[in-house]
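Me: I would like to learn how to read aromatic contacts and strand pairing in a model. Please take me through one case.

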Amino acid sequence: VQLQAFGGGLVQAGGSLRLSCAASGRTSSKFHMGWFRQAPGKEREFVAAVRWYDGNTYIAPSVEGRFTISRANANDTVFLQMNSLKREDTALYYCAARYTGALRLTLTKEANSYKYWGQGTLVTVSS
């Protein structure tokens, strides 16, 4: 499975961006896909995840109410809509995927549970 993320850029605080991640290869309805981010000098942080089977989502408290994750099954793409961006949202954003072997497995924020990773896309929020 290959993941390609895009959509990052420079945005002013309070603005919006939408990140996309396209999956190719042996995708499955038993996939979970997620977004993580890593700011300079900080640990990688979970942002959001979506269950491919039914669109169930899990959003990190730090971004809940501002970010939403969704998927487009038709073209194996996951989106991260980021609104009301803050300077502390500045980071390299990575998409990730895991094959669970089950349709309804609970979503996880643990990075080491995700086997497939895309390249990062940089989001910079200016004041």
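**Aromatic rings and a sheet**

Reply: In this predicted model, one aromatic cluster is formed by Phe 36, Phe 46, Tyr 58, Tyr 114 and Trp 117.

Me: How is a pair of aromatic rings described?

Reply: The general description uses the distance of the centres and the angle of the planes. The count here comes to six aromatic pairs. In one of them, Phe 36 and Phe 46 meet edge-to-face, with 5.6 Å centre to centre and 70° between the planes. This pair links distant parts of the chain, 10 residues apart: Phe 36 belongs to strand β4 (residues 31–38) and Phe 46 to strand β5 (residues 45–51).

Me: Is Phe 36 buried or exposed? And Phe 46, buried or exposed?

Reply: Buried means under 20% relative accessible area. Phe 36 has 1%, so it is buried, and Phe 46 is buried too, at 9%.

Me: Which charged residue lies over the face of Trp 117?

Reply: Arg 44 does, at 4.4 Å from the ring centre. Elsewhere, Arg 18 has its charged end over the ring of Phe 79, 4.2 Å from the centre of that ring.

Me: What is the strand order in the open sheet of four strands?

Reply: The order is β1-β3-β8-β7, and the pairing is antiparallel. At the edges stand β1 (2–6) and β7 (67–72); each has a single partner strand, so one side of each lacks a neighbour in the sheet. On average, neighbouring strands of this sheet are turned by 15° against each other, direction ignored.

Me: How many bridges join β1 to β3?

Reply: Five bridges join β1 to the antiparallel strand β3 (residues 17–24). Among the bridge partners, Gln 2 is matched with Ser 24 in β3.

Conventions
Residues are numbered from 1 along each chain as its sequence is written. This is a predicted model: local features need pLDDT of at least 70, side-chain atom pairs count only at pLDDT 80 or more; totals for chains, interfaces and linings use all residues. Side-chain values use heavy atoms; hydrogens and water are left out. Rings of Phe, Tyr and Trp (its six-membered ring) pair if their centres lie within 6.5 Å; planes under 30 degrees apart count as stacked, over 60 as edge-to-face and the rest as tilted. Helices (H or I, at least four residues) and strands (E, at least two) are DSSP runs, numbered from the N terminus. Buried means under 20% relative accessible area, exposed over 50%, partly exposed in between (1.4 Å probe, protein chains only). A charge sits over a ring if NZ of Lys or CZ of Arg is within 6 Å of the ring centre and within 35 degrees of the ring normal. Two strands pair if DSSP finds at least two bridges between them. Axes are lines fitted to C-alpha atoms, for helices over the stretch in contact, and angles run from 0 to 180 degrees between N-to-C directions.
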